[in-house]
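Biologist: I would like to learn how to read salt bridges, a helix and a core in a model of this kind. Could we take them in turn, with the general idea before the case?

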Amino acid sequence: MPRNTGPADRMILAVALVILAAVSAMGAFSLVAAERIDASAGRRWTDLVGESLQRRASDLQRDLASFAHWDESVLRTAFFLDAPWVHRNFGKWLHDTRHHDRAYIVMGDRVTYAAIDGEMVAARTAPFAAAAIMPIVRGVESAYASEAAQAAAQESRSGEETRPNIAPVFRAGYATVDGVPALVGAISITPDLGRVVSPTRTPPIAVTVEFLDGDFLRDLIAELHLGDPAVSHERPGEDRLAVPIPFSDPAERPAWLSWLPEKAGATLLRALLPSLIGTAVLLLAASVIVLWFARRATADLAESEALASRLAFVDPLSGLANRAMFLRTLAARLPRTGGTSRLAVLFVDLDGFKDINDTLGHQFGDLLLSEVGSRLQHLASVDGLAARFGGDEFVLLLPIGPDKAELEQLCTNILEVLRQPFSIGAHTIVIGGSVGAVVAPDHSSSADELIRLADIAVYRAKAEGRATFRVFEPSMEAELRRRREVELELASALDRGEITAYFQPQMAIDGEMVIGCEALARWQHPRRGMIPPWEFISIAEQSGLITRLDMYVLRQACLAARDWGGIKLGVNLSAVDFLSHDLVRNIAAILEETGFEPSRLEVEITETLLVGNQPEAFTILSALREMNVRIALDDFGSGYSSLGYIRRFRIDSLKIDRSFIQNIGVTDDAPAIIDCVVRLARALGVTVTAEGVETRAQLRYLASVGCHHAQGYLFGTPMRREDFEQYLSQRLPRREYGEFRAASK
Ligand code: C2E
Ligand code: CA
Ligand code: CA
């Protein structure tokens with residue numbers, strides 16, 4: 001089955017993409033945010049480190065000033081050099097407390113004191129990076145000179161002889177010393193309290209060099225907590241943050257202080273990652289579940305849609321087309337009819353299906369209908385269509401030519417197919433059907449109208465007896481209207497006493513002696529006149545009125561026949577009556593009330609009641625026999641003709657269907673069958689009555705095979721009570737007639 005899930009699949013795909021996009025956007029946003037955080041942190045850090053480098057340069061002043069701004073220092077450097085003292089208070093002291101790498105005292109062009117790594121060395125031979133240091137020293141000297149000049153000018157203006165007190169001049173800067181970037185600081189050594197005279201022109205300069213390595217970097221770690229700081233002349237890689245060393249001389253070979261950035265964003269990301277992944281997984285899982293359900297729902301929907309559209313056109317029980325499908329097909333084919341191309345619409349109604357359904361159960365009924373369906377399907381072959389309209393109504397659509405005989409042949413074929421016995425479960429049953437036919441465009445060219453007319457034709461066929469077909473004729477319509485009215489009027493007819501029991505005599509096989517009678521319902525309609533039983537009995541069965549009607553006839557017949565000597569009274573019971581739990585009680589009450597002798601009563605039942613050995617029917621029949629009521633099997637031969645039932649249900653008498661009697665002398669098998677049935681019945685001790693005896697020849701034959709009783713127009717039609725009493729008075733044996741006359745007076 002092709003699934004119509006195109007748009008649904010596209011929708012699901014769209015939702016999946018949206019969810020995927022959301023998850024990746026979430027990831028991307030986190031990454032971008034982390035990067036932003038890192039970038040701004042990086043900027044902040046480079047600023048901080050840059051400031052720190054500047055501060056370190058100016059902080060040198062403090063370290064140096066404590067030594068350089070001191071009378072003692074001026075004395076011991078400018079006037080004579082007390083090298084051990086200078087070493088103790090300057091070179092060694094700065095190395096030990098401040099980690100300065102080198103210290104010098106410069107006097108003009110000479111280095112008078114030098115300490116390398118805290119060790120005093122010979123000043124003349126000591127390594128001294130003059131190119132890097134001297135520009136700073138010269139800077140201090142010239143600044144000092146101009147300050148000294150200013151002080152001297154002030155002194156001469158004021159005329160006082162005061163000692164000019166010049167504050168130490170300090171200069172610091174970054175430079176490359178022996179190929180290594182370093183911080184170089186220089187300060188003029190000047191007195192603080194003025195107990196010594198300031199050197200006039202060129203003061204001694206204290207110089208210190210701090211390489212940007214080892215201790216310097218350790219200090220940075222201690223101060224700023226930089227990760228893995230390093231100084232190099234190569235530009236560091238992308239993974240490190242760096243600031244250029246702010247060399248005093250711009251021509252200096254550039255160098256950078258770099259460190260590993262503390263990636264705040266990345267750290268955050270790393271911290272967030274598990275929950276991010278968890279959320280994404282949850283989101284994805286949730287969406288997968290939702291999508292899965294959505295997919296299944298759409299698949300289910302598509303499936304049920306397909307099923308619905310199939311159900312919309314197929315009858316589930318039989319697998320045939322349904323009414324809607326049939327109408328569509330018929331409407332589609334109608335425009336192509338005309339001339340020699342005609343369409344036959346054949347309505348098929350099963351005979352006695354309702355009885356089978358009622359007595360054998362719906363499951364059995366369903367199996368039967370499906371079997372009937374497959375037989376009709378076979379008949380429809382390729383160019384026709386078989387449909388079920390519900391219940392036991394089937395319809396065939398078949399193309400036919402202009403020949404009238406073709407339609408009749410079709411109908412006969414259908415009847416023949418339905419007449420074949422059905423084997424369902426343990427049962428083999430014969431059912432048969434009625435067919436009503438219409439032809440397009442002869443009768444109508446409208447699909448609805450054709451169906452309506454075919455329905456009328458099949459109703460007509462049913463009414464006229466079992467296993468026949470009728471082609472629609474316009475006069476049938478009037479009859480249908482009548483049927484509808486009958487349905488409506490039947491209930492009130494019972495109330496108004498329009499239903500009367502008629503009586504038909506039953507004779508001994510000599511044709512002379514009346515042995516009984518059969519009560520047959522007649523409806524004397526005030527306007528329509530006499531309505532025959534075939535027209536209202538089936539309607540009464542369908543509308544549930546039949547039991548009321550049967551009890552009504554029984555009461556009337558018992559009342560009438562009470563005084564008719566010892567003759568028996570046959571009364572018909574419908575299979576539907578046996579569905580009522582009160583049947584036995586009702587019959588007993590009527591017998592009691594009318595004072596009718598139970599042993600004279602013979603209820604006539606049909607074989608459909610017995611099919612399937614219905615336990616309820618068996619119980620009811622047993623109860624009736626307990627009451628001494630006799631049981632006759634009506635219309636024997638028209639249905640299942642099973643002698644097994646006769647024995648099992650202990651039937652008292654058989655009534656051979658009139659179709660057999662009427663075929664005596666017409667077909668070869670009818671007499672043979674009658675002969676056989678009578679023989680078997682006699683062997684079982686069952687009384688045999690022949691129905692529908694119309695001729696002496698029939699009677700003679702029936703007598704010759706040993707039939708017990710006969711009933712038929714030959715002896716009398718069903719007649720009104722008074723007429724039957726008249727009839728009786730002429731035929732009863734003298735003794736009984738006498739009793740009868742006495743009683744009726
Ligand atoms: P059935 O029980 O087989 O009744 C016999 C039918 O055969 C009667 O038709 C009777 O008029 C007809 N008949 C009798 N002799 C001849 C004959 O020589 N030739 C022909 N061609 N027909 C003959 P009726 O009265 O029209 O009844 C038809 C059916 O209606 C009955 O068939 C019976 O099944 C049903 N029926 C009649 N009255 C009642 C009733 O009170 N209750 C029930 N449940 N069914 C009834
Ligand atoms: Ca009967
Ligand atoms: Ca009968």
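Modeller: Let us begin with a pair inside one helix, bearing in mind that this is a predicted model. Arg452 and Glu449 both belong to helix α11 (residues 447–463), where they stand 3 residues apart, about one turn of the helix. Their side chains meet in a salt bridge, 3.2 Å from N to O.

Biologist: Which other side chain meets that of Arg452 in a salt bridge?

Modeller: The side chain of Glu477 does, at 2.6 Å from N to O. This pair links distant parts of the chain, since Arg452 is in helix α11 and Glu477 in helix α12, 25 residues apart. As for accessibility, residues between 20% and 50% count as partly exposed; Arg452 therefore falls in that class at 35%, and Glu477 does so at 25%. Glu449, with a relative accessible area of 27%, is partly exposed as well.

Biologist: How should I read the length of helix α12, and where is its kink centred?

Modeller: The idea is to set the span expected at 1.5 Å a residue against the distance between the end C-alpha atoms; for the 21 residues of α12 (residues 475–495) the expected span is 30 Å and the ends are 31 Å apart, which agrees. There is nevertheless a kink of about 45° in α12, centred on Glu489. Glu489 is also one of the buried residues of this helix, which include Met476, Leu480, Arg483 and Val486. After α12 comes Gly497, whose phi is positive, near 70°.

Biologist: Arg496 and Glu498 form a salt bridge; is each of them buried or exposed?

Modeller: The two partners fall in opposite classes: Arg496 is exposed, with a relative accessible area of 53%, whereas Glu498 is buried, at 9%. Their side chains meet at 2.6 Å, N to O. Elsewhere, salt bridges that share partners join Glu485, Glu489, Arg527 and Arg528 into one network, and the structure holds 33 salt bridges.

Biologist: Turning to the largest nonpolar core, which of its residues touch the most other members?

Modeller: A core is read through the contacts among its buried nonpolar residues. Here, of 113 residues, Leu346, Phe503, Leu569, Leu601 and Ile605 touch the most other members. Helix α14 (residues 546–561) supplies the largest share, 9 residues. Because domain 3 (323–472) and domain 4 (497–744) both give residues to this core, the core lies between them. A second, separate core of 36 residues includes Ala103, Val196, Leu212 and Phe216.

Note on methods: Residues numbered from 1 in each chain as written. Chains lettered and ligands numbered in written order. Predicted model: local features only at pLDDT ≥ 70, side-chain atom pairs only at ≥ 80, totals over all residues. Heavy atoms only, no water. Helix = DSSP H or I, 4+ residues; strand = E, 2+ residues; numbered from the N terminus. Expected span 1.5 Å × (residues − 1). Bend = angle between axes of the 7 residues up to and from the residue. Buried < 20%, exposed > 50% of the residue type's maximum accessible area, 1.4 Å probe, protein only. Core = buried A, V, L, I, M, F, W, Y, C linked by side-chain atoms within 4.5 Å. Domains from an automatic or database assignment. Salt bridge = Lys/Arg side-chain N within 4 Å of Asp/Glu carboxyl O.
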